[in-house]
Amino acid sequence: MREQVVCNSTDLKPGEMMKSTFGKQSVLVCRTPDGEYYAFMNQCIHQGAPLDKGMLCGATTESSNPGKYEYCHKGEIIRCPWHGREFDIKNEGRMLANPNKKIPSFKVRVEGEQVIVYK
């Protein structure tokens with residue numbers, strides 16, 4: 001098993017994300033509003049945009065209408081900076097528009113103040 005410390009737990013507040021590295025690979029470390037950590041490949045599966053340049057946000061609900069939007073899953077959705085593709089952090093990084101596609105993910109655990117990514 002390969003593992004690596006990617007950041008300290010204090011580097012991310014709930015609802016934030018940051019770029020780090022796992023070996024030679026760029027990874028996106030996310031902390032959801034409930035304090036859980038997740039890690040994904042830092043590259044959109046659509047056209048390769050660096051996801052750390054995007055944002056964490058919520059998803060619009062089915063009751064939204066043009067000009068009046070309601071959101072759910074606030075701070076649990078990664079939005080790609082180039083084309084707005086959205087991925088659900090808590091659903092294995094699956095694309096909202098096509099759940100059959102997802103961002104490759106990594107396992108994460110926290111030991112003390114260290115956030116560790118492993119395969």
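# A tour of two sheets and two cores

Begin by selecting Arg109 and Tyr118: Arg109 lies over the face of Tyr118, 5.1 Å from the ring centre. The model on screen is a predicted one.

A second arrangement of this kind can be selected next. Show Arg2 and Phe22; Arg2 lies over the face of the Phe22 ring, at 4.3 Å from the ring centre. For rings paired with rings, the count comes to 1 aromatic pair.

**The sheet of six strands**

Switch to a cartoon view. In what order do the 6 strands of the open sheet lie? The order is 1-10-9-4-3-2, and the pairing is antiparallel. Strand 1 (3–8) and strand 2 (16–22) stand at the edges with a single partner strand each, so one side of each has no neighbour in the sheet. From one strand to the next the twist averages 30°. Strands of a sheet pair through backbone hydrogen bonds, in a parallel or an antiparallel way.

Now select strand 4 (residues 37–41) together with strand 9 (residues 105–111). These two pair in the antiparallel sense over 2 bridges. Pick out Ala39, and opposite this residue, in strand 9, stands Phe106.

Move on to strand 2 and strand 3, which pair in the antiparallel sense over 7 bridges. Select Thr21 here; its bridge partner in strand 3 is Ser26. The hairpin of strand 2 and strand 3 has 2 residues between the strands, and in this hairpin Gly23 takes a positive phi near 65°.

**The sheet of four strands**

Next, select the other open sheet, formed by 4 strands in the order 5-6-7-8 with antiparallel pairing. Its edges are strand 5 (55–60) and strand 8 (94–95); each has a single partner strand, so one side of each is left without a neighbour in the sheet.

Show strand 5 and strand 6, which pair in the antiparallel sense over 5 bridges. Ala59 has Cys72 as its bridge partner in strand 6.

Select His73, which also lies in strand 6. Is His73 buried or partly exposed? With a relative accessible area of 42%, His73 is partly exposed. Its phi is near 55°, a positive value in a residue other than glycine. Most residues other than glycine have a negative phi.

Continue to the pairing of strand 6 (residues 71–79) with strand 7 (residues 86–88), which is antiparallel and runs over 3 bridges. Two places to select are Ile77, whose bridge partner in strand 7 is Asp88, and Ile78, which stands opposite Phe87 in strand 7. The hairpin of these strands, strand 6 and strand 7, has 6 residues between the strands, and there Gly84 takes a positive phi near 75°.

After strand 7, select Glu92, found in the loop between strand 7 and strand 8. Glu92 has a positive phi of about 60° although it is not a glycine. Glu92 is partly exposed, with a relative accessible area of 41%.

**Met95**

The next stop is Met95, whose place is in strand 8. Met95 has a relative accessible area of 8%; buried means under 20%, so Met95 counts as buried. Which residues is Met95 in contact with, leaving aside its neighbours within four places in sequence? They are Ile45, Arg85, Glu86, Phe87, Lys101 and Lys102. To draw a distance, add Gly15: Met95 and Gly15 are 80 residues apart in sequence and 19 Å apart in space, C-alpha to C-alpha.

**The nonpolar cores**

Now hide the cartoon and show side chains. The largest nonpolar core has 15 residues, and of these Cys30, Leu51, Ile78 and Ile103 touch the most other members. Strand 3 (25–31) and strand 4 each supply at least two residues of this core.

Go back to Ile78 and show what surrounds it. Not counting residues up to four places away in sequence, Ile78 touches Leu28, Cys30, Phe40, Leu51, Met55, Leu56, Arg85, Glu86, Phe87, Ile89 and Ile103. Arg85, Glu86 and Phe87 in that set were also among the contacts of Met95.

Apart from the largest core lies another, of 11 residues, and Val6, Cys7, Phe22 and Phe106 are among them. Two of these residues have already been selected on this tour: Phe22 has Arg2 over its face, and Phe106 stands opposite Ala39.

Definitions and conventions:
Residues numbered from 1 in each chain as written. Predicted model: local features only at pLDDT ≥ 70, side-chain atom pairs only at ≥ 80, totals over all residues. Heavy atoms only, no water. Pairing = 2+ DSSP bridges. Axes fitted to C-alpha atoms, helices over the stretch in contact; angles between N-to-C directions. Phe/Tyr/Trp six-rings, centres within 6.5 Å; stacked < 30°, edge-to-face > 60°. Lys NZ or Arg CZ within 6 Å of the ring centre and 35° of its normal. Core = buried A, V, L, I, M, F, W, Y, C linked by side-chain atoms within 4.5 Å. Buried < 20%, exposed > 50% of the residue type's maximum accessible area, 1.4 Å probe, protein only. Contact = heavy atoms within 4.5 Å.
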